[in-house]
Amino acid sequence: MNSFISANDSAYLRLTNTNFTLNAWVKLDSYNSSFGSSILTKRNNDPNGGYVYAVRGYTGNTLGLLHFGPVGDDINAFSTKVVTTGSWHMLNSTYDLAQQKITMYIDGVLDKTTTGVLPANAPAASKLYIGRDEISSPTNGYFVKGGMEEIRIYGRTLTATEVQQLLNFNN
């Protein structure tokens with residue numbers, strides 16, 4: 001509800017101009033209605049600096065959609081399948097820099113591919129946050145209301161077979 005992890009900056013965590021894969025096991029008890037449940041964020045007050053990997057939670061939009069995008073008004077990727085509350089889900093998103101393409105998997109199953117997603121532009125000074133967003137009030141924090149395990153950041157795009165192997169390994 002209000003716990004998180006932060007990691008000091010590293011060039012590898014910026015995800016700038018590279019292929020990458022984000023993977024996390026998440027069990028949401030409820031959606032964070034302030035905006036969403038931030039799984040991984042690395043950004044600062046620059047409106048176009050950084051990235052957010054989260055599950056949408058505010059009303060007026062479809063609740064429970066997995067989301068990744070560079071911060072600002074750039075094209076973002078959203079899943080079509082809802083990440084439900086009350087059970088564990090393996091959430092996986094891969095990014096192909098050359099194609100500017102995000103591919104999202106939920107529970108090892110391909111959900112959606114979005115093209116035209118600009119590369120992340122995370123500032124060097126900002127920390128990586130796991131389980132919350134740095135740019136939010138301390139009262140809402142976009143905290144994950146539930147649990148997270150096996151959070152991984154790969155410096156390459158995993159294949160669909162490798163995503164399935166991660167799911168089978170952890171079950």
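**Entry 1: the sheet**

I started with the open sheet, which has five strands in the order S9-S8-S7-S2-S11, and I noted that the pairing is antiparallel. Strand S9 (109-115) and strand S11 (146-154) stand at the edges with a single partner strand each, so one side of each has no neighbour in the sheet. I also looked up the turn between neighbouring strands of this sheet: on average 15°, with direction ignored. A reminder to myself: this is a predicted model.

**Entry 2: where S2 meets S11**

How many bridges join strand S2 to S11? I found seven, with S2 covering residues 20-28 and the two strands running antiparallel. I picked out Thr21 and looked for its bridge partner in S11, which is Tyr154.

**Entry 3: aromatic rings**

Next I turned to the aromatic pairs, and the structure holds five. I looked into Phe20 and Phe68: their ring centres are 5.6 Å apart and their planes meet at 55°, so I wrote the pair down as tilted, a label for angles that are neither under 30 degrees nor over 60. Phe20 belongs to strand S2 and Phe68 to strand S5 (residues 65-70), so to speak a link between distant parts of the chain, 48 residues apart.

Are these two residues buried or exposed? Phe20 and Phe68 are both buried. I then found that they share one aromatic cluster with Tyr51, Tyr53 and Tyr95.

**Entry 4: an arginine over two rings**

Last, I checked Arg132. It lies over the face of Phe4, at 5.1 Å from the ring centre. Arg132 also lies over the face of Tyr129, here at 5.9 Å from the ring centre.

How values were computed:
Residues numbered from 1 in each chain as written. Predicted model: local features only at pLDDT ≥ 70, side-chain atom pairs only at ≥ 80, totals over all residues. Heavy atoms only, no water. Pairing = 2+ DSSP bridges. Helix = DSSP H or I, 4+ residues; strand = E, 2+ residues; numbered from the N terminus. Axes fitted to C-alpha atoms, helices over the stretch in contact; angles between N-to-C directions. Phe/Tyr/Trp six-rings, centres within 6.5 Å; stacked < 30°, edge-to-face > 60°. Buried < 20%, exposed > 50% of the residue type's maximum accessible area, 1.4 Å probe, protein only. Lys NZ or Arg CZ within 6 Å of the ring centre and 35° of its normal.
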